[in-house]
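I opened this entry to keep a record of what I looked up, one topic at a time. I wanted to go through a sheet, a ligand site and a helix in turn.

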Amino acid sequence: MTPSESKTKATLSDSHDSLLAHESAGLIQRYVFPKGTVLFRKGELRQCAYLIDRGSVSITGNDEGGEDKFLCHIGEGEIFGEMALVDDTPRTATAITDTECEIFIIPRDALQNRLQGLDPIVTLLISLLIERYRLTRIHLPESLRQDKDSDQFMNKLKRYHHITENSLKIHDISTQKDNALRELKIEQELRKGLERREFIPFLQPIIDLKTRRVKGFEALIRWQHPEKGLVFPDQFIPAAEHTNVVQQLDRLMLEKACETLPLLDEIGGHDMFISVNMSGINFNTQDIVQSMSNVVKRYNANPRRLKLEITESALIDDPAHAAEVLQGLKEAGFMIALDDFGTGYSSLGYLHRFTIDVIKIDRSFVSRLHDNEKSMEIVSAIIGLAKTFHLGTIAEGIEQEPDIETLCNLGCTLGQGYFFSKPLPVKDAVAYAAKDNV
Ligand code: C2E
Ligand code: CA
Ligand code: CA
């Protein structure tokens with residue numbers, strides 16, 4: 001037994017189980033390992049890669065067969081063991097920490113979860129690159145390479161290259177091609193739909209829960225599709241977000257809201273506002289504040305009557321930048337509402353950091369107000385939080401009369417939901433407000 005092997009055995013027995021537990025957790029996590037820890041041993045099957053944040057790791061092995069020897073040190077910021085994210089091939093070397101190390105363990109599951117969340121076209125391209133790289137490492141006759149879906153090809157991969165069904169999941173190319181094609185088709189259709197002015201807003205009334213009078217509306221986009229009829233946003237907003245078409249849709253809804261304000265004036269609704277949803281993707285657009293302000297100026301609209309609804313997820317990626325954009329929108333005169341509050345990260349840290357006027361309490365809590373004690377407590381806590389920060393509250397998804405009294409008692413000011421009205425075409429929404437305003 002070589003000295004390095006004896007060292008390997010000694011540390012493996014203490015840490016092997018806990019290491020395996022870390023690696024199967026399905027999340028990318030950072031761990032501190034003492035000097036001399038065996039991260040993996042030659043011949044083992046392990047499904048994760050390692051990223052060194054601090055310290056250094058020695059790799060021993062021998063590509064040409066024979067006695068293992070020291071191959072290299074791997075240092076801070078470097079990744080090793082990454083092929084295990086793709087193939088179920090046994091480790092060809094042993095990795096031992098040279099010093100105390102802080103290391104991110106990246107399990108294959110975590111990578112797969114992240115890939116699934118990506119734009120399908122990006123997923124397809126990554127998978128194709130991985131497949132091409134893998135094929136360069138495999139010696140196959142040209143005839144077999146031509147037919148990558150054949151049983152013979154798959155059997156050869158499995159037998160000689162230890163590639164299992166599980167490791168193939170990461171680049172299930174045919175499904176990914178279908179997804180990418182579907183996404184490209186929707187993108188084309190979305191652009192055509194924009195040209196043909198097929199997108200329209202429906203307006204859902206927002207009601208003062210005490211006086212039961214209309215205070216404003218939320219603009220909810222609908223696609224009047226020539227073949228499919230009225231299409232709801234959950235069918236196309238995700239694709240629009242991947243393809244950046246969402247910025248144009250959101251700007252269009254802002255324009256439609258500006259066009260509608262004078263119609264509300266005509267029925268005496270000079271104080272009524274319209275909320276417009278704003279996808280987080282807009283935060284990546286350079287001149288978003290300018291572009292939104294230009295719309296308002298063009299229509300000579302009062303931005304204080306326009307509420308921009310943003311979700312918490314829009315604030316998470318780059319909070320400093322998001323805070324700057326929100327400040328800019330605020331200075332341009334817009335009101336800001338935090339949508340779907342309670343479903344995301346909901347931390348107190350936000351509320352003082354971002355310029356927000358209103359919190360929207362998510363429908364999932366409001367709909368369970370009367371059959372779930374926890375929902376009642378959450379809604380009560382959100383309203384308490386809003387009061388502390390001097391913010392307004394709008395409850396979403398009010399479907400029954402008793403919810404209104406409960407929400408009023410808890411101190412919620414405004415609400416919307418099917419109990420009052422479903423989202424309506426603009427003409428009907430204005431008529432709804434006119435009836436209320438006599
Ligand atoms: P959201 O902003 O949370 O909008 C509220 C959704 O709840 C709307 O669905 C509305 O029709 C529905 N709703 C309202 N009251 C009730 C109720 O009492 N019961 C139930 N069950 N549902 C109720 P919709 O119109 O299908 O919109 C879904 C989501 O699509 C919106 O959720 C929003 O995230 C997104 N969206 C809609 N329009 C736009 C838009 O112009 N731009 C962007 N970026 N996203 C939009
Ligand atoms: Ca909304
Ligand atoms: Ca919402």
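My notes below follow that order, and I keep in mind throughout that the model is predicted.

**Entry one, the sheet.** I began with the strands and found that 4 of them form an open sheet, in the order β1-β8-β3-β6, with antiparallel pairing. I then asked myself which strands stand at the edges. They are β1, covering residues 29-33, and β6, covering 79-80; each has a single partner strand, so one side of each is left without a neighbour in the sheet. I reminded myself that strands of a sheet pair through backbone hydrogen bonds, either parallel or antiparallel. Following β1 further, I noted that its antiparallel pairing with β8 (residues 101-107) runs over 5 bridges, and that Val32 stands opposite Glu102 in β8.

**Entry two, the surroundings of ligand 1.** I looked up the residues around ligand 1 and found 25, of which Leu220, Ile221, Pro233, Gly417 and Tyr418 come nearest. Sorting the shell by class, I recorded 11 nonpolar, 6 polar and 8 charged residues. Which element gives the largest share of this shell? It is α9, with 4 residues, while β10 (214-225), α9 (245-266) and β14 (335-341) each supply at least two.

**Entry three, helix α10.** I turned next to α10, residues 288-298, whose buried residues are Val289, Met292 and Val296. Looking down the axis of α10, I saw that these buried residues fall within an arc of 75°, so they line one face of the helix. The face turned away from that buried side carries the exposed residues Gln290, Lys297 and Arg298. When I checked what covers the buried residues of α10, I found that the cover includes α9, β13 (306-311) and α12 (319-331). Just after the helix, Asn300 takes a positive phi of about 55°.

**Entry four, one residue of that helix.** I picked out Ile288, which lies in α10, and asked whether Ile288 is buried or partly exposed. It has 19 other C-beta atoms within 10 Å, and a residue needs 20 or more to be called buried, so Ile288 counts as partly exposed. Leaving aside neighbours within four places in sequence, I found Ile288 in contact with Asn282, Phe283 and Val325. For Val325, which is 37 residues away from Ile288 along the chain, I noted that the two C-alpha atoms are separated by 7.9 Å.

Key: Residues are numbered from 1 along each chain as its sequence is written. Chains are lettered from A and ligands numbered from 1 in the order in which they are written. This is a predicted model: local features need pLDDT of at least 70, side-chain atom pairs count only at pLDDT 80 or more; totals for chains, interfaces and linings use all residues. Two strands pair if DSSP finds at least two bridges between them. A residue is near a molecule or strand if its C-beta atom, placed from the backbone, lies within 6 Å of it. Ala, Val, Leu, Ile, Met, Phe, Trp, Tyr, Cys and Pro count as nonpolar, Asp, Glu, Lys and Arg as charged, and the others, Gly among them, as polar. A residue is buried if 20 or more other C-beta atoms lie within 10 Å of its own, exposed if 12 or fewer, and partly exposed in between; C-beta atoms are placed from the backbone. The arc is that of the directions from the helix axis to the C-beta atoms. Two residues are in contact if their C-beta atoms, placed from the backbone, lie within 7 Å.
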